Amino acid sequence: MAAANKRSSTTKKVDDSKKNRQRSSSVTPTPTEGGATTTLSNVDAMSTLTSTGAQTSTPGGGGPDISNSSTTATSNNNGNDPLEKTTACLPLVYGSMAFNLGKKADEYSTHRWTLYLRGPNNEDLSTCVAKAIFQLHPSFAQPVRELTTPPFEVTEKGWGEFEAQIKIVWKDPKEKPTLLTHGIKLYPPGATNITPTTSKEPVIAEHYDEVVFTDPAENFYKQLMRTSIAPKVQSAEPAVQAAFKAYGDEDDFQTLVEAQKFLEKELTAIKERMVFATDNLVKVEEALREIQEAKKASSSSRKSKSSSSGSGASKKAKTSQS
């Protein structure tokens, strides 16, 4: 899965009568201008990963991966020299999780949702991430949240789906930030704010990808390698943590198996269609030959009759003259 350059778009499922009203209400109120309240807790959002720098994305799982790695050279620049012919992959999971508030809901707070950036198995991304900047909908009292410590997540209450962004700033300033664009989902497929669901199961919208760093600086390379051995990071929301999916090679293997089965099924269907089309073509060609032969026979018959008719008329003429 190449996530570095893909984008996801979301449909805002909102009531027109609410478009000019504030979309959110806070979880933990904090006074702001105008008497509104807001909350800041660490969370992340599911989205599409867009690399704004040299990073690209490849599929995989687990901790950082290294490929085409040459022997690490001794740096003469305090570890800021690039490691040539070296690539390092950092797995990321980004998404959103929404819970229906049920009887506790009101007109402007139907769901409690968490937008997050995390390691696939709760690895500590702060070893290489300097900060994560969350850009929420402008209707929130504090639409920009900048987090420098894990967990990198934001939790809020609201009633409408919208598109959020997460900007990852790396600890190596030479690495350009990576931008994640994600549509926060509040409703399961087939449900909207007009036809809501009362299910207590969370609505999870989540993606897994890897950011690939080519020729990273020596110090930054070491920071990337520490993510898999650093202590695990738990979500600040127990319900969110309990619903987090674990990732591993088994998932990739199962995906490949399913893909192979799908391709085999499609190939079988194509072969069957080709055989059917070939049989029909043979039948059509046979029918055309029969039609052509019939036309030839009909034409020969007409010529024969015409010739016989002309000969009879000539004999009658000679007899009359006699």
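## Salt bridges, an internal cavity and local backbone features

A salt bridge joins the side chains of Glu 146 and Lys 131, with N and O atoms 3.4 Å apart. Glu 146 belongs to strand E8 (residues 144-147) and Lys 131 to strand E7 (residues 129-135), so this pair ties together parts of the chain that are 15 residues apart in sequence. The model is a predicted one, and the values reported here are computed from it. Glu 146 has a relative accessibility of 46% and therefore counts as partly exposed. Lys 131, at 25% relative accessibility, also falls in the partly exposed class, because that class begins where the buried class ends, at 20%.

Strand E8 takes part in a further pairing. The side chains of Arg 145 and Glu 156 meet in a salt bridge, with an N to O distance of 2.7 Å. Arg 145 is located in strand E8 and Glu 156 in strand E9, so the contact ties together parts that are 11 residues apart in sequence. Both Arg 145 and Glu 156 are buried. Val 144 is likewise found in strand E8. Its relative accessible area is 41%, which makes Val 144 partly exposed. The C-alpha atom of Val 144 is separated by 5.6 Å from that of Phe 134, a residue 10 positions away along the chain.

A search of the whole structure returns 6 salt bridges. In general, side chains of opposite charge can pair when their charged atoms come close. Among the salt bridges is the one that Glu 206 forms with Arg 118, where the closest N and O atoms are 3.3 Å apart. This pair links distant parts of the chain, with Glu 206 in strand E12 (residues 203-214) and Arg 118 in strand E6, 88 residues apart. Glu 206 has a relative accessibility of 18% and so counts as buried, the limit for that class being under 20%. Arg 118 is buried as well, with a relative accessible area of 7%.

Arg 118 reappears in the description of the interior. The structure holds 1 cavity of 30 Å³ or more, and the volume of the largest cavity is about 120 Å³. The lining of the largest cavity comprises 17 residues, of which Leu 117, Arg 118, Pro 151, Phe 152 and Val 233 are the closest to its centre. Two or more lining residues come from each of strand E6 (111-118) and strand E9 (152-158). Strand E6 makes the greatest contribution to the lining of the largest cavity, giving 3 residues. Classified by residue type, the lining of the largest cavity consists of 8 nonpolar, 5 polar and 4 charged residues. Arg 118 thus appears both among the lining residues closest to the centre of the largest cavity and in the salt bridge with Glu 206.

Pro 151, another of the residues closest to the cavity centre, is also part of a distinctive backbone feature. The peptide bond from Pro 150 to Pro 151 is cis, and its omega angle is near 0°. Pro 151 is placed in the loop between E8 and E9.

Positive phi values occur at residues other than glycine, including Asn 122 and Asp 215. Asn 122 is not a glycine, yet its phi is positive, at about 65°. The residue lies in the loop between E6 and E7, and Asn 122 is buried, with a relative accessible area of 14%. For Asp 215, phi is near 50°, again a positive value in a residue other than glycine. Asp 215 is situated in the loop between E12 and helix H1 (218-225). With a relative accessible area of 32%, Asp 215 is partly exposed.

On the surface, Leu 267, Ile 270 and Met 274 form a nonpolar patch, and together they present about 290 Å² of accessible area. Met 274 is found in helix H3 (residues 249-321). Met 274 has a relative accessible area of 53% and is therefore exposed, since that class requires over 50%.

Terms used
Residues numbered from 1 in each chain as written. Predicted model: local features only at pLDDT ≥ 70, side-chain atom pairs only at ≥ 80, totals over all residues. Heavy atoms only, no water. Patch = residues over 30% accessible without salt bridge, like charges linked within 9 Å, V, L, I, M, F, W, Y side chains within 5 Å. Areas by Shrake-Rupley, 256 points an atom, 1.4 Å probe, with all protein chains shown as cover. Salt bridge = Lys/Arg side-chain N within 4 Å of Asp/Glu carboxyl O. Helix = DSSP H or I, 4+ residues; strand = E, 2+ residues; numbered from the N terminus. Buried < 20%, exposed > 50% of the residue type's maximum accessible area, 1.4 Å probe, protein only. 1 Å grid on protein atoms, 1.4 Å probe; cavity = no way out; pocket = protein on both sides within 12 Å on 5 of 7 lines; lining within 4 Å. Points joined across faces, edges and corners; volume = space filled by probe spheres on them. Nonpolar A, V, L, I, M, F, W, Y, C, P; charged D, E, K, R; others polar.
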